[in-house]
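These notebook entries record what I looked up in one protein model. I begin with a single residue and then turn to other parts of the chain.

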Amino acid sequence: MNVITAYLETMFGAYAPTPKLLEAKAELHTMMEDAYHGYLADGLSENEAVGRVITEFGNLDELAPQLGISAEIAPTPTATPTAAAMGAGAGAPASHAARRLAPAPVTRDEAERYADVRRRTESRLALAVAMFVLAPAPLIALATLATGGAIALGQDLAVLIGLACLLVVVVVAVLMIVRRDAQLGPFRRFAAGEFTRSPDVDRWAGELVAEAAPRRATALQIAIGLWILAASPVLAMSLLAPPSVTNSWIGVAVAGTLAMVAIGLLLFIPSNWAQSVAETLTKTDSEGYASGDERSLVGVVGAFYWPIVVAIFLAWSFIGSAWGISWVIWPIAAVLFGALAGGLRAVERYRAAREAGMQ
């Protein structure tokens, strides 16, 4: 039912929430709910029932006469450039006149091509993110192994090899993301919300989400399990192994923790492409997207946050000869960054809502 409710929100999201439309939306929700439970009673699975309901009630244009909302969903003529210019000349600021010109609508063909690129490149994004997570693992593992005498490498040489691995992995991951961004270049207006929504595309996006929902749910469950269990290597090493072993192999345990987090990301991110595409294609700039500067708040903070974390880690490790304990910076930094990113996104949503209310 969550998929049906989300699809219904998508169907009506392109129109102003007038009392008549809200009444029609509630009536349609009841009809879809009754049909859904009827299909379940007939022996269909939940996913099959959802697909049948969306197929039966998914075209708002066809249902409009029955719901009595044909006039409400009829396309509204947009201002022409000449009219906009006349409005500006009559005293309205030029920027306000430009706002009345609706951006180019998104077509079904564009949406399908965008979804295909996202589907093909999402695994590359997942691999790049996983590589960022795993980048410090060789450095942490080699440094602690060398310090404890578990491998026949000097501490400085082990650190040098670990740093080289870290830099190579980060460079490769950055290049992968740059290449993916280049492939998504023709669709930048979608990410910026610079388009007019289409009921046909909204309906198609809802069907896309419904089709991919089972796989996404399974991937999310596995990923969450891995992330919850990710602390187990470090806990097991700390609590069960003797101190002599712990001092040498704790870095390997930390590398195992990072590996479990990375595997969870590799599983979940590629399965989330349909949901991400639908959210992008059903949310325009006036409906909650922040400006370019605001959208990049998390990215800007991340750009200097992680280099600072690396600098602190290396300074503590080299100056204090604390390779056996300095690894603790990484899990602490990850938790702090998650909290910081959540706060920044909350600020962005607040600003976007405030600007939308002022327009």
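**Entry 1. D156**

I looked up D156 and found that D156 is exposed, with a relative accessible area of 60%; the model I am reading is a predicted one. The value lies over 50%, which is why I enter D156 as exposed. I placed D156 in helix α10. I then took a distance along the chain: D156 and A146 are ten residues apart, and their C-alpha atoms are separated by 8.7 Å.

**Entry 2. R180**

I stayed with α10, which covers residues 155-183, and looked up R180 in that helix. Is R180 buried or exposed? R180 has a relative accessible area of 9% and is therefore entered as buried. I noted a polar contact of 3.0 Å between the side chain of R180 and that of E122. Not counting residues up to four places away in sequence, I listed R118, T121, E122, R124 and L125 as the residues that R180 touches.

**Entry 3. The protein as a whole**

I next consulted the overall figures. The protein has 18 helices and zero strands. Of its 359 residues, 38% are buried. I also checked the contacts with a separation of 6 or more: 77% of these are between residues 24 or more positions apart.

**Entry 4. The nonpolar cores**

I asked how many residues the largest nonpolar core has. It has 26 residues, and those with the most contacts inside it are F12, L28, M32, V53, L60 and I69. The elements that give two or more residues to this core are α1 (2-12), α2 (19-41), α3 (46-57) and α4 (60-67). Helix α2 provides the largest share, seven residues. I took L28 from this core and listed its contacts, leaving aside neighbours within four places in sequence: L8, M11, F12, F57, L60, L63 and L67. Apart from this core I found another, of 20 residues, with V117, F187, F190 and A205 among them. I add a general remark: in soluble globular proteins, nonpolar side chains tend to be buried together.

**Entry 5. Helix α14 and its partners**

I examined how α13 (residues 232-240) packs on α14 (residues 243-271): the angle is about 165 degrees and the axes are 7 Å apart. I therefore record α13 as roughly antiparallel to α14. The crossing of α13 past α14 is right-handed. On the α13 side the contact is made by S232, P233, V234, M237 and S238, and on the α14 side W249, I250 and V254 are among the residues that take part.

I then looked up α9 (residues 137-147), which packs with α14 at an angle of about 165 degrees, with the axes 6 Å apart. This angle makes α9 roughly antiparallel to α14. The crossing of α9 past α14 is left-handed. The α9 residues in this contact are A137, I140, A141, T144 and L145, while those of α14 include W249, I250 and V254.

**Entry 6. S271**

I located S271 in helix α14. With a relative accessible area of 5%, S271 is buried. I asked which backbone oxygen the side chain of S271 reaches. It is that of F268, at 2.7 Å. Leaving aside neighbours within four places in sequence, I listed R215, R216 and A219 as contacts of S271.

**Entry 7. Helix α15**

I turned to α15 (residues 273-281) and asked why it is largely enclosed by the rest of the structure. Seven of the nine residues of α15 are buried, so I describe the helix in those terms. The buried residues of α15 are W273, A274, S276, V277, A278, T280 and L281. Among the elements that cover them I noted α8 (108-134), α11 (188-191), α12 (199-229) and α14.

**Entry 8. V106**

Last, I looked up V106, in the loop between α7 (94-99) and α8. V106 is buried, with a relative accessible area of 3%. V106 and L281 are 175 residues apart along the chain, yet their C-alpha atoms are separated by 8.0 Å. Leaving aside neighbours within four places in sequence, I found V106 in contact with L281, and also with A111, R189, F190, F195, T196, R197, S198 and V201.

Technical notes:
Residues numbered from 1 in each chain as written. Predicted model: local features only at pLDDT ≥ 70, side-chain atom pairs only at ≥ 80, totals over all residues. Heavy atoms only, no water. Helix = DSSP H or I, 4+ residues; strand = E, 2+ residues; numbered from the N terminus. Buried < 20%, exposed > 50% of the residue type's maximum accessible area, 1.4 Å probe, protein only. Polar contact = N/O pair within 3.5 Å; in protein donor to acceptor, adjacent residues only side chain to side chain. Contact = heavy atoms within 4.5 Å. Core = buried A, V, L, I, M, F, W, Y, C linked by side-chain atoms within 4.5 Å. Axes fitted to C-alpha atoms, helices over the stretch in contact; angles between N-to-C directions. Parallel < 35°, antiparallel > 145°, perpendicular 65-115°, else oblique. Left-handed = near helix turned anticlockwise from the far one by under 90°.
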